[in-house]
Amino acid sequence: MEQQEKSGDFQTKSDELFGPEAWISFLKDKPFPVRASSLKRLRLLVQNDNTMISQLTALIKSDPILSLIFVRAAQQAHKAAKRDSVITSVEHAVSSLGMDPIEQLANRLKPVKVSPNSIQQQLYFRAIANSHLAAFHAERWIRRKNQPFVDETFLASLFYGVGLWSLWLHAPLHMHEVHILINEKGSDPVAAEKKILGCTMQDISHGLSTEWGFSDVICQAQDPNTSPSRALLAKFRERTVGNSEISDDDNRAIGHMLQDRSFIIKLANWYAMNVSREWQTSRPADTTETVCCYLGGDHDETRTMLNQITISSSHHYHVAGTLAPAAEMLLIASDNMGNYKLSNKELSALINTAPAVKKSAAKKPRLAAKAVTAPSAPTQPATRYRAHPTSPDELLDNSKFKIIMDRFRDGYHLYTKPSHILGGLLQGLSQGLGLQRVTLSLVNTKNQTVKAAQAIGMEKSDPLASYEIDISTGGLFKKLSEKPVCVWIKQSNRAQYERLMSKAYTQILPHQDILIMSIFKDDKPVAVIYADGGDNPSALTDFQHQQFRLLCSAASKALHAL
């Protein structure tokens with residue numbers, strides 16, 4: 001950015017910028033430059049003797065950075081005056097400061113001129129736009145439910161992602177590496193953040209808000225330990241549609257979740273972040289469904305309302321050259337990821353001004369030996385938001401698994417090609433069943449080969465994501481191509497199955513349980529599915545084996561029905 005601090009301000013060793021304490025210490029006093037247009041309007045208002053407090057409040061509230069600056073200033077003034085109260089809204093901040101301090105602060109602020117060629121700026125302002133979108137939604141949801149604390153909820157929702165704003169502004173090289181891990185390596189966002197930053201962005205936001213003395217509502221919403229589990233959210237959705245099998249303990253947990261003031265703040269931010277991260281996948285659908293269940297009423301009407309709120313937010317806060325959340329919702333599904341990392345030109349300039357990434361954090365992991373044959377076709381990025389099931393004998397996401405299984409059995413109008421069904425199968429195994437690593441290999445009966453085509457949960461360069469096997473000489477994969485077979489390789493039978501596989505292939509297999517099954521369309525082999533538990537050291541269970549086999553068999557039947 002044009003207002004990026006000079007290298008003299010970045011003398012902190014890169015090794016120190018790892019972990020929440022280091023980041024909070026580094027970022028807590030860093031300035032936030034204000035958009036030149038907003039700062040110009042603010043200065044015109046404070047110089048006009050006829051300006052009213054309400055006019056200043058409206059302008060400051062319209063710009064998230066101005067809101068942050070003046071709320072922090074007001075909170076500092078309260079602390080200096082040894083008041084026990086906390087600032088709960090922009091209106092509260094403006095009225096607490098008064099005209100003279102506001103004018104003095106406005107004259108000290110530094111502007112930043114928006115550059116349409118700066119990807120760092122685009123991603124910085126997009127992060128702010130997402131926070132503004134979340135605040136807009138939370139404010140309107142709480143009004144719809146006729147609940148109190150509207151202004152405090154708006155402010156808490158707005159500041160929920162303040163750590164992300166600060167990181168894009170003051171540590172763009174770290175964010176560059178985080179986005180590469182997420183969008184190119186298929187890493188889970190939380191895992192990517194911990195690898196590069198030593199903590200999550202939510203940890204940093206929570207730490208900054210605590211350091212700045214923000215209200216308990218803001219800090220509680222940012223606390224990762226107060227977030228409900230995905231399983232509990234799924235049970236909440238099931239209960240809303242009339243599932244009577246929800247246990248009393250789950251009902252109590254759902255009740256506590258809905259009464260927690262931070263829940264609506266978290267939900268609004270999850271909804272806003274999903275728009276920019278993976279709007280075209282099933283995860284936003286689950287989040288939207290959760291919102292609909294929370295707000296009540298007709299779900300179609302609620303979805304329309306959500307879209308209208310998103311459009312309204314984009315009208316109120318728009319930065320030229322930055323894709324607004326409402327605009328992104330209009331885009332059709334595409335492999336084009338857009339601008340998610342810095343350009344080479346920006347990297348060259350920032351390498352001398354921004355803090356460097358800790359070498360051990362960005363170091364490329366050592367890969368296993370190469371597979372039988374180098375691949376000719378690229379694999380797809382790994383699916384994001386992976387996690388372990390809470391128990392090895394339960395699904396990671398029962399709702400998602402059931403939806404995909406029903407689509408295979410009953411048909412689905414969007415499944416018009418074999419690739420659609422195979423994609424749904426991968427999603428069901430990884431996001432529904434909870435198998436961390438899954439590969440799809442295509443069978444070519446003419447060339448007598450099995451070649452990896454798509455991988456979930458591993459890097460593109462991982463040998464398991466890029467192997468090719470000749471099946472003309474027989475062996476396990478030849479048997480898999482002759483009829484639908486499900487193989488469970490575990491310690492007790494590993495030696496037996498390794499005799500049926502090439503040495504090159506066995507060398508790249510992990511030393512843990514493995515599931516492999518062939519997929520057929522009619523009587524012809526189409527694909528071979530491989531799955532394992534990833535970084536989960538536990539052995540696979542009969543339940544996981546059974547569900548894996550059932551879903552793969554259902555996929556074969558769905559292919560037959562095309």
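Helix α4 covers residues 64-80, and because each residue should add 1.5 Å, its 17 residues should span 24 Å; the end C-alpha atoms are 24 Å apart, in agreement with that value. The model is a predicted one.

Of the 17 residues of α4, 13 are buried, so the helix is largely enclosed by the rest of the structure. At its N-terminal end α4 is capped by D63, with a side-chain oxygen 2.9 Å from the backbone nitrogen of I65. Just after the helix, K82 has a positive phi of about 60 degrees.

Strand β7 (residues 514-521) is also described here. Because 7 of its 8 residues are buried, β7 is largely enclosed by the rest of the structure. The pairings of β7 are set out below.

| Pair | Sense | Bridges | Example of opposed residues |
|---|---|---|---|
| β6 (residues 486-489) and β7 | antiparallel | 4 bridges | C486 and M517 |
| β7 and β8 (residues 524-532) | antiparallel | 8 bridges | I516 and Y530 |

β7 and β8 make a hairpin with 2 residues between the strands. In the turn, D522 takes a positive phi of about 60 degrees.

For the protein as a whole, the model contains 27 helices and 8 strands. Buried residues account for 53% of its 562 residues. Of the contacts between residues at least 6 apart in sequence, 70% join residues at least 24 apart. The accessible surface is about 25,900 Å², and carbon and sulfur atoms contribute 50% of that area.

Technical notes
Residues numbered from 1 in each chain as written. Predicted model: local features only at pLDDT ≥ 70, side-chain atom pairs only at ≥ 80, totals over all residues. Heavy atoms only, no water. Buried < 20%, exposed > 50% of the residue type's maximum accessible area, 1.4 Å probe, protein only. Contact = heavy atoms within 4.5 Å. Areas by Shrake-Rupley, 256 points an atom, 1.4 Å probe, with all protein chains shown as cover. Expected span 1.5 Å × (residues − 1). Polar contact = N/O pair within 3.5 Å; in protein donor to acceptor, adjacent residues only side chain to side chain. Pairing = 2+ DSSP bridges.
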